[in-house]
Amino acid sequence: MITWIAVDWGTTHLRAYAMSEDNQVIDEASSSNGMGVLTPDAFEPALMELIQSWLPEARIIPVLACGMVGARQGWAEAPYRSAPCEPFSIQHSIQVDTHNARIKVHILPGISQAEPADVMRGEETQIAGLIAIESDAFSAVCLPGTHSKWVSLKDGTVDHFTTSMTGEMFSLLSEQSILRHSTSKGGWNDNAFLEGAKSGIEHPENLISNCFRLRARYLLNDFPPEMARSHLSGLLIGAELSGSKRYWQSQRVAIIGDPFLTTLYANALALLDVDSKTYDPKAMTLAGLIKAYQSLSDSQGN
């Protein structure tokens with residue numbers, strides 16, 4: 001029997017999970033109705049399109065959502081909590097009004113940082129999941145992606161964090177800059193990636209020049225596009241690691257994200273003799289939402 005519904009609502013995708021009383025996934029559904037394509041009045045219909053068949057007639061089902069659904073441009077704004085803080089706070093979640101009386105929707109807040117200015121939405125739930133599963137095994141977390149996060153944990157709290165636009169820069173350079181002629185979307189070369197990562201780590205000040213050199217190598221040395229693409233990724237990730245030294249130095253790092261990306265980061269960290277362990281983002285998000293739902297149930301006396 002479905003007891004509650006977990007929702008991971010990002011900028012590009014909506015993912016919903018029908019959860020049992022013992023917090024097992026009974027069913028799941030997803031769509032491309034992310035925050036970025038919805039107006040505030042379209043969120044409930046987008047959600048109902050996925051979960052309508054899960055809802056019983058005679059019960060109200062709690063829905064717990066995390067991610068960009070709580071952004072200023074989302075369904076309803078769940079104000080940021082200020083770091084240092086615990087990864088989630090059910091007391092600071094917001095309940096949104098719904099037309100359908102069979103659901104009660106709560107949205108978890110993100111986390112902000114005053115100095116240096118930074119924000120996260122969604123990643124905090126994955127961090128909560130990591131802590132729920134691994135307790136205090138890690139004090140450094142990397143969440144690679146379009147906007148990669150580095151997070152320092154202290155006594156179960158998000159102490160401080162930083163964001164790098166590494167994934168977005170890679171997309172812009174490889175698809176919209178002059179380098180688009182030199183980088184291929186097909187194929188991958190691990191050696192070229194590691195060469196780029198080593199250069200990015202050791203000489204981040206040369207990042208912009210080294211990016212253009214990929215174009216020159218393509219023109220003058222027949223540098224294969226798949227190698228140029230791999231090298232570019234390495235340069236950017238290496239520069240990110242160079243700027244994130246305070247997070248990974250003398251630490252064992254938990255990496256949460258897409259398997260391909262987490263492997264790249266793990267391999268780049270290995271160049272620095274940094275040990276790491278990779279985690280599936282779906283599993284961490286669900287673990288975090290389960291922890292939040294248990295807190296919600298406890299607060300309501302269930």
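Is Arg 72 buried or exposed? Arg 72 is exposed, with a relative accessible area of 66%, and the points below take up this residue together with other features of what is a predicted model.

1. On Arg 72 and its partner. The side chain of Arg 72 forms a salt bridge with Glu 77, and the closest N and O atoms of this pair are 3.7 Å apart. Glu 77, at 37% relative accessibility, counts as partly exposed, whereas Arg 72 is exposed at 66%. In general terms, side chains of opposite charge can pair when their charged atoms come close.

2. On the salt bridges of the structure, and one between a helix and a strand. The structure holds eight salt bridges, and among them is the one in which the side chains of Lys 282 and Glu 28 meet, with 2.9 Å from N to O. Because Lys 282 lies in helix α9 (residues 281-299) and Glu 28 in strand β3 (residues 25-31), this pair ties together parts that are 254 residues apart in sequence. Lys 282 is partly exposed, its relative accessibility being 35%, and Glu 28 is likewise partly exposed, with a relative accessible area of 41%.

3. On a salt bridge between two helices. Glu 195 and Arg 217 also form a salt bridge, in which the closest N and O atoms are 3.8 Å apart. The pair links distant parts of the chain, since Glu 195 belongs to helix α4 (residues 190-202) and Arg 217 to helix α5 (residues 207-221), with their positions 22 residues apart in the numbering. The relative accessible area is 40% for Glu 195, which is partly exposed, and 27% for Arg 217, which is partly exposed as well.

4. On helix α6. This helix takes in residues 225-243, and because 1.5 Å is expected for each residue, its 19 residues should span 27 Å, a value that agrees with the 27 Å between its end C-alpha atoms. Helix α6 is also mostly covered, as 14 of its 19 residues are buried.

5. On strand β7 and its neighbours. Four of the five residues of strand β7 (residues 103-107) are buried, so the strand is largely enclosed by the rest of the structure. Strand β4 (residues 61-67) runs parallel to β7 and is joined to it by five bridges, and within this pairing Leu 64 has His 106 of β7 as its bridge partner. Strand β6 (residues 94-96), by contrast, runs antiparallel to β7, and three bridges join the two; here Val 96 stands opposite Val 105 of β7. The connection between β6 and β7 is a hairpin that passes through six residues. As a general point for reading such strands, in a regular strand the side chains alternate between the two faces of the sheet.

6. On the cysteines. How many disulfides does the count come to? The count comes to zero disulfides. The sulfur of Cys 66 has that of Cys 85 as its closest cysteine sulfur, and because the two are 15 Å apart, they are too far for a bond. Cys 85 is accordingly in no disulfide, the nearest cysteine sulfur being that of Cys 66. Cys 66 is buried, with a relative accessible area of 0%, and Cys 85 also counts as buried, at 9% relative accessibility.

Conventions. Residues numbered from 1 in each chain as written. Predicted model: local features only at pLDDT ≥ 70, side-chain atom pairs only at ≥ 80, totals over all residues. Heavy atoms only, no water. Expected span 1.5 Å × (residues − 1). Buried < 20%, exposed > 50% of the residue type's maximum accessible area, 1.4 Å probe, protein only. Salt bridge = Lys/Arg side-chain N within 4 Å of Asp/Glu carboxyl O. Pairing = 2+ DSSP bridges. Disulfide = S-S within 2.5 Å.
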